[in-house]
Amino acid sequence: MTSLSSQTGRAGDDALGAALSFLGAPLRRCWLYAVWYVLICLGLACLWALRTARPIDVAPTAVAYLLCCGVALFVPGILIGAISAAARLSPSRHRGLLDGYFIAAAALSVATILSGHLTATPVFILLVGNAILALDAQERASRRSHAAAPESSGSAT
């Protein structure tokens, strides 16, 4: 009984390690861009706040909104990739998960446009953009793996 639980624990640790390593690679590359984005958000929020009558009330809301837009454009695709890696999904299931995310983001975007929630519309449009970026990244990764497969089988013979 303990050997089964220790194997399950090791598999869970492996999945967690895979998810963290999958998340770590983009975060190692993009931390400087994230800092720049936050500083740009702060600057734009200050400019927006200065144009309004109540800068103290508007600035935190503007910063939060711009940060939310940045998160919508970059984070969900990375999280879906990490979840797929942790769950060890096949490429076709990962593609299906990304397709579902794309459809949901597009539906939410259309719903906000039709309902007149003009403040939320850009965030959902950025989610659609993130879904497109994630689908493109998955497609490029599958093309690279297909291109590498004949080379590796050719070198083995």
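Is Gly-81 buried or exposed? At 6% relative accessibility, Gly-81 counts as buried. The legends below refer to a predicted model.

**Figure 1. Overall view of the protein chain, built from four helices and zero strands.** Read from the N terminus, the elements follow the order α-α-α-α. The protein chain has 157 residues, and 23% of them are buried. Its exposed area is about 10,600 Å², of which 73% is supplied by carbon and sulfur atoms. Taking contacts between residues at least 6 apart in sequence, 65% join residues at least 24 apart.

**Figure 2. Close-up of Gly-81 in helix α2.** Gly-81 has a relative accessibility of 6%, under the 20% cut-off, and therefore counts as buried. The view also shows Ala-134, which is 53 residues from Gly-81 in sequence. The C-alpha atoms of Gly-81 and Ala-134 are 8.3 Å apart in space. Ala-134 is also one of the residues of the largest nonpolar core, shown in the next view.

**Figure 3. The largest nonpolar core, with 12 residues in all.** Its members are Cys-69, Ala-72, Ile-80, Leu-98, Tyr-101, Ala-105, Val-123, Leu-127, Val-128, Ala-131, Ala-134 and Leu-135. Helices α2 (55-87), α3 (91-115) and α4 (121-156) are the elements that give two or more residues to this core. Helix α4 provides the largest share, six residues. Leu-127, a member of the core, touches Ala-72, Pro-76, Tyr-101 and Ala-105, leaving aside residues up to four places away in sequence.

**Figure 4. Helix α3 and its buried residues.** The buried residues of α3 are His-94, Leu-98, Tyr-101, Ala-105, Ser-109 and Thr-112. Leu-98, Tyr-101 and Ala-105 also belong to the largest nonpolar core. With 25 residues at 1.5 Å a residue, α3 should span 36 Å. The C-alpha atoms at its ends are 36 Å apart, which agrees with that expectation. After α3 comes Gly-116, with a positive phi near 85 degrees.

**Figure 5. Arg-88 in the loop between α2 and α3.** Phi of Arg-88 is near 55 degrees, a positive value in a residue other than glycine. The relative accessibility of Arg-88 is 54%, and the cut-off for exposed is over 50%, so Arg-88 counts as exposed.

**Figure 6. A network of salt bridges linking Arg-95, Asp-99, Glu-139 and Arg-143.** Side chains of opposite charge can pair when their charged atoms come close. The side chains of Arg-95 and Asp-99 form a salt bridge with an N to O distance of 3.3 Å. Both residues lie in helix α3, four residues apart, about one turn of the helix. Arg-95 also meets Glu-139 in a salt bridge, at 3.4 Å from N to O. Arg-95 is in helix α3 and Glu-139 in helix α4, so this pair ties together parts that are 44 residues apart in sequence. The side chain of Glu-139 meets that of Arg-143 in a further salt bridge, at 3.9 Å from N to O. Glu-139 and Arg-143 are both in helix α4, again four residues apart, about one turn of the helix. The count for the model comes to four salt bridges.

**Figure 7. Accessibility of the residues in the salt-bridge network.** Arg-95 counts as partly exposed at 30% relative accessibility, and Asp-99 counts as partly exposed at 27%. On helix α4, Glu-139 is partly exposed with a relative accessible area of 31%, and Arg-143 is partly exposed at 48%.

**Figure 8. A nonpolar surface patch of about 990 Å².** The patch is made by Leu-32, Val-35, Trp-36, Val-38, Leu-39, Ile-40, Leu-42, Leu-44, Leu-47, Leu-50 and Leu-67. Helix α1 (residues 2-51) gives the most to the patch, with 10 residues. Leu-44, one of the patch residues, has its place in helix α1. Its relative accessibility is 46%, and Leu-44 therefore counts as partly exposed.

Technical notes
Residues are numbered from 1 along each chain as its sequence is written. This is a predicted model: local features need pLDDT of at least 70, side-chain atom pairs count only at pLDDT 80 or more; totals for chains, interfaces and linings use all residues. Side-chain values use heavy atoms; hydrogens and water are left out. Patches are made of residues with over 30% relative accessible area and no salt bridge: like charges are joined within 9 Å, nonpolar side chains (Val, Leu, Ile, Met, Phe, Trp, Tyr) within 5 Å. Accessible areas come from the Shrake-Rupley method with a 1.4 Å probe; for residues, only the protein chains shown count as cover. Buried means under 20% relative accessible area, exposed over 50%, partly exposed in between (1.4 Å probe, protein chains only). A nonpolar core is a set of buried Ala, Val, Leu, Ile, Met, Phe, Trp, Tyr and Cys residues joined through side-chain atoms within 4.5 Å. Contact means heavy atoms within 4.5 Å. The expected span of a helix is 1.5 Å times one less than its number of residues.
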